[in-house]
Amino acid sequence: MKITITSRKVPLGKSFTERTEKKLAKLDKFFEPDTQAEVTVSQERNLQRVEITIRNNGMIFRAEDASPEANEVVDKLVDILFRQIRKNKTRLAKNRIGSE
């Protein structure tokens, strides 16, 4: 998975980048190597808003949330994306079985 991390109005440390890449690596098993993942971090008042968008073969998985600490948000968003992907995979499998 190709990961692009963008920050707006907030400095990002190397530890945040490494942690985000490590967390998103858990989702690699669902996607091909050319899948794009975009992570955007922006400052809003005293909160850091994190948005993660994954594009793969015309499908888009997206999650966003805000918290005073960006690392906490990344953990939460990866769990949300994992649920979205699993739900979509199950739905596609049911449709495939039902259409036979």
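Biologist: What makes the lining residues of the largest pocket divide into six nonpolar, three polar and three charged?

Modeller: The division follows residue type: Ala, Val, Leu, Ile, Met, Phe, Trp, Tyr, Cys and Pro count as nonpolar, Asp, Glu, Lys and Arg as charged, and the others, Gly among them, as polar. The lining consists of Lys29, Phe30, Phe31, Glu32, Asn56, Asn57, Met59, Phe61, Ile85, Asn88, Lys89 and Leu92. Phe30 and Met59 are therefore among the nonpolar residues, Asn56 is among the polar ones and Lys29 among the charged ones. This is a predicted model, in which local features need pLDDT of at least 70 and side-chain atom pairs count only at pLDDT 80 or more, while totals for chains, interfaces and linings use all residues. Residues are numbered from 1 along each chain as its sequence is written, and side-chain values use heavy atoms, with hydrogens and water left out.

Biologist: Why is this space called a pocket, and what is its volume?

Modeller: On a 1 Å grid over the protein atoms alone, a pocket is an open set of points with protein on both sides within 12 Å along at least five of seven lines, and its lining residues have an atom within 4 Å of a point. The volume of the largest pocket, counted as the space filled by probe spheres set on the points, which are joined across faces, edges and corners, is about 200 Å³.

Biologist: Which element gives the most to this lining?

Modeller: Helix α2 does, with four residues.

Biologist: How do you know that aspartate 75 and lysine 23 form a salt bridge?

Modeller: A salt bridge requires a side-chain nitrogen of Lys or Arg within 4 Å of a carboxyl oxygen of Asp or Glu. The closest N and O atoms of this pair are 3.5 Å apart, so the pair meets the definition. Aspartate 75 lies in helix α2 (residues 70–98) and lysine 23 in helix α1 (residues 14–24), 52 residues apart; a helix is a DSSP run of H or I with at least four residues.

Biologist: Why is aspartate 75 called partly exposed?

Modeller: Buried means under 20% relative accessible area, exposed over 50%, and partly exposed in between, with a 1.4 Å probe and protein chains only. Aspartate 75 has 22%, and lysine 23 has 21%, so both count as partly exposed.

Biologist: What makes glutamate 64 and arginine 62 a salt bridge?

Modeller: Their N to O distance is 2.8 Å, which satisfies the same cut-off. Salt bridges that share partners join Glu44, Arg49, Glu51, Arg62 and Glu64 into one network. Within it, glutamate 44 and arginine 49 meet at 3.1 Å. The whole structure holds eight salt bridges.

How values were computed
Helix = DSSP H or I, 4+ residues; strand = E, 2+ residues; numbered from the N terminus. 1 Å grid on protein atoms, 1.4 Å probe; cavity = no way out; pocket = protein on both sides within 12 Å on 5 of 7 lines; lining within 4 Å.
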